[in-house]
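This report goes through the packing, the side-chain contacts and the backbone irregularities of one chain. The coordinates are shown first.

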Amino acid sequence: MSANAPRSVRDLAERRQAARTARDFARADRLRDDIAAAGWKVVDGPEGFDLESLAEALELYPTVASVPSRAGEPDRCRHSLCVAVHGWPADVRRLLAACLSPATEVVAVDAAGAGLAPSDIVPEDGAGAGVTVVRVEEAIGHADAWNVAARRARGRILVFVEPSLEFGADVLETLAAALDDGEVGLVGPFGLSTDNTRDFEVAAGPDVDALEYLLGMRREDVGRAGEMDRRFRFYRNLDIDFSYQVRAAGLAVRWVDSGDIARHTHRVWESTPEDERERLSRKNFNRFLDRWGRS
């Protein structure tokens with residue numbers, strides 16, 4: 001990990017090591033604090049030291065219920081990208097390479113139970129980026145993964161995103177600007193409308209019935225809207241259900257024109273056998289209808 005640290009940070013760590021060798025522990029402690037202020041942690045070992053980025057973290061929990069929430073804590077950044085990772089970390093790296101900025105953190109949840117690490121998804125030029133990977137020992141579905149990400153997020157705006165998308169940081173700013181309207185609770189560039197709660201069509205609002213694939217909301221509104229329905233283990237129709245949940249909380253759901261967004265292969269959809277994905281999609285949609293009406 002030391003090789004990824006900037007030269008200036010490695011210099012501080014070497015000076016700290018020299019101070020420790022000289023038993024000048026007060027100076028060593030000051031240099032340790034300087035290293036931490038630069039976003040790095042010194043890990044001492046029998047053969048010297050290593051450096052770990054404080055901005056890249058791995059969190060481990062036994063169950064979804066044991067994951068603590070940061071609700072009520074001050075915002076630490078502008079955007080939190082909430083990503084459910086069902087495999088294919090290269091897709092997440094592609095997404096982050098396009099949209100990461102100093103204003104954005106990433107909370108990625110290992111929904112595949114594949115031992116995901118921050119280094120698996122941090123882009124090549126993204127060392128030191130604010131990336132947290134959360135692993136939960138019990139098997140979790142898509143809704144649980146997004147809920148866990150939201151609990152650990154510290155951004156003012158939560159952005160729930162599918163790794164099949166690719167877009168720039170300007171898209172995140174567009175979503176944030178749309179949420180300056182306090183009456184609006186959920187925004188996104190992929191809108192849907194319906195006349196009967198059964199048949200949805202693509203819509204460019206501004207006000208729409210539901211959104212899919214890319215959802216932005218204020219972190220402070222999670223308590224008002226509630227967490228996503230954890231019964232949605234498969235991703236399909238979860239975003240529609242959550243859109244209705246936000247509307248039920250008295251907040252508008254709004255389409256925004258956020259510019260160019262590339263859509264790549266959706267790995268979960270493509271990797272699921274056709275009969276199984278149709279069964280899971282139908283099960284989720286029936287769950288949505290049972291909850292919100294079968295008009």
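In this predicted model, helix 5, residues 142-152, is mostly covered, with eleven of its eleven residues buried. The buried set includes charged and polar residues by name, among them His-142, Asp-144, Asn-147, Arg-151 and Arg-152, as well as Ala-143, Ala-145, Trp-146, Val-148, Ala-149 and Ala-150.

**Nonpolar cores**

In soluble globular proteins, nonpolar side chains tend to be buried together. The largest nonpolar core here has 34 residues, and Phe-160 and Leu-186 have the most contacts inside it. Two or more residues each are given to this core by strand 4 (77-85), strand 5 (104-110), strand 6 (131-136), helix 5, strand 7 (155-161), strand 13 (214-218) and helix 8 (238-248). Helix 5 supplies the largest share, six residues. A second core, separate from that one, has 32 residues, including Val-92, Leu-172, Phe-190 and Val-256.

Which residues are in contact with Phe-160, leaving aside its neighbours within four places in sequence? They are Cys-82, Trp-146, Ala-150, Tyr-213, Leu-214, Leu-215, Met-217 and Met-228. Of these, Trp-146 and Ala-150 are also on the list of buried residues of helix 5.

**Arg-70 and the end of helix 5**

Arg-70 is placed in the loop between strand 3 (56-61) and strand 4. Is Arg-70 buried or exposed? Its relative accessible area is 15%, and the cut-off for buried is under 20%, so Arg-70 counts as buried. A polar atom of the Arg-70 side chain lies 2.6 Å from the backbone oxygen of Arg-152. Beyond its neighbours within four places in sequence, Arg-70 is in contact with Glu-59, Arg-151, Arg-152, Ala-153, Arg-154 and Arg-219.

**Trp-255 and the cis peptide**

Trp-255 lies in strand 14, residues 252-255. With a relative accessible area of 23%, Trp-255 is partly exposed. A polar atom of the Trp-255 side chain lies 3.1 Å from the backbone oxygen of Pro-189. Leaving aside neighbours within four places in sequence, Trp-255 is in contact with Gly-188, Pro-189, Phe-190 and Gly-191, and also with Ala-203, Ala-204, Gly-205, Pro-206, Val-208 and Leu-211. Two of these contacts, Gly-205 and Pro-206, are joined by a cis peptide bond with omega of about 20°. Pro-206 is in the loop between strand 11 and strand 12 (210-211). The C-alpha atoms of Trp-255 and Thr-63 are 35 Å apart, with the two positions 192 residues apart along the chain.

**Helix 10 and helix 8**

Why does the length of helix 10 agree with expectation? Its 19 residues (274-292), at 1.5 Å a residue, should span 27 Å, and the end C-alpha atoms are 27 Å apart, so the two values agree. Buried residues in helix 10 are Arg-277, Leu-280, Ser-281, Asn-284, Phe-285, Arg-287, Phe-288 and Leu-289. They pack against strand 11 (200-203), helix 8 and helix 9 (267-271). Just after helix 10, Gly-293 takes a positive phi of about 115°.

Gln-245 is in helix 8 and is buried, with a relative accessible area of 6%. The side chains of Gln-245 and Arg-291 make a polar contact at 2.9 Å. Leaving aside neighbours within four places in sequence, Gln-245 is in contact with Ala-225, Gly-226, Glu-227, Met-228, Asp-229, Arg-291 and Trp-292.

**Aromatic rings**

The count of aromatic pairs comes to ten. One aromatic cluster is formed by Phe-200, Tyr-244, Phe-285, Phe-288 and Trp-292. Arginines lie over ring faces as follows.

| Arginine | Ring | Distance from ring centre |
|---|---|---|
| Arg-263 | Tyr-213 | 4.4 Å |
| Arg-287 | Phe-232 | 5.5 Å |

Tyr-213 is also among the contacts of Phe-160, and Arg-287 is one of the buried residues of helix 10.

**Positive phi outside glycine**

Arg-23, which is not a glycine, has a positive phi of about 60°. Arg-23 is in the loop between helix 1 (7-21) and helix 2 (25-37), and is exposed, with a relative accessible area of 63%. Trp-88, also not a glycine, has a positive phi of about 55°. Trp-88 is found in the loop between strand 4 and helix 3 (89-99), and its relative accessible area of 35% makes it partly exposed.

Definitions and conventions: Residues are numbered from 1 along each chain as its sequence is written. This is a predicted model: local features need pLDDT of at least 70, side-chain atom pairs count only at pLDDT 80 or more; totals for chains, interfaces and linings use all residues. Side-chain values use heavy atoms; hydrogens and water are left out. Buried means under 20% relative accessible area, exposed over 50%, partly exposed in between (1.4 Å probe, protein chains only). Helices (H or I, at least four residues) and strands (E, at least two) are DSSP runs, numbered from the N terminus. A nonpolar core is a set of buried Ala, Val, Leu, Ile, Met, Phe, Trp, Tyr and Cys residues joined through side-chain atoms within 4.5 Å. Contact means heavy atoms within 4.5 Å. A polar contact is a pair of N or O atoms within 3.5 Å; within protein, one must be able to donate a hydrogen and the other to accept it, and residues adjacent in sequence count only if both atoms are side-chain atoms. Rings of Phe, Tyr and Trp (its six-membered ring) pair if their centres lie within 6.5 Å; planes under 30 degrees apart count as stacked, over 60 as edge-to-face and the rest as tilted. A charge sits over a ring if NZ of Lys or CZ of Arg is within 6 Å of the ring centre and within 35 degrees of the ring normal. The expected span of a helix is 1.5 Å times one less than its number of residues.
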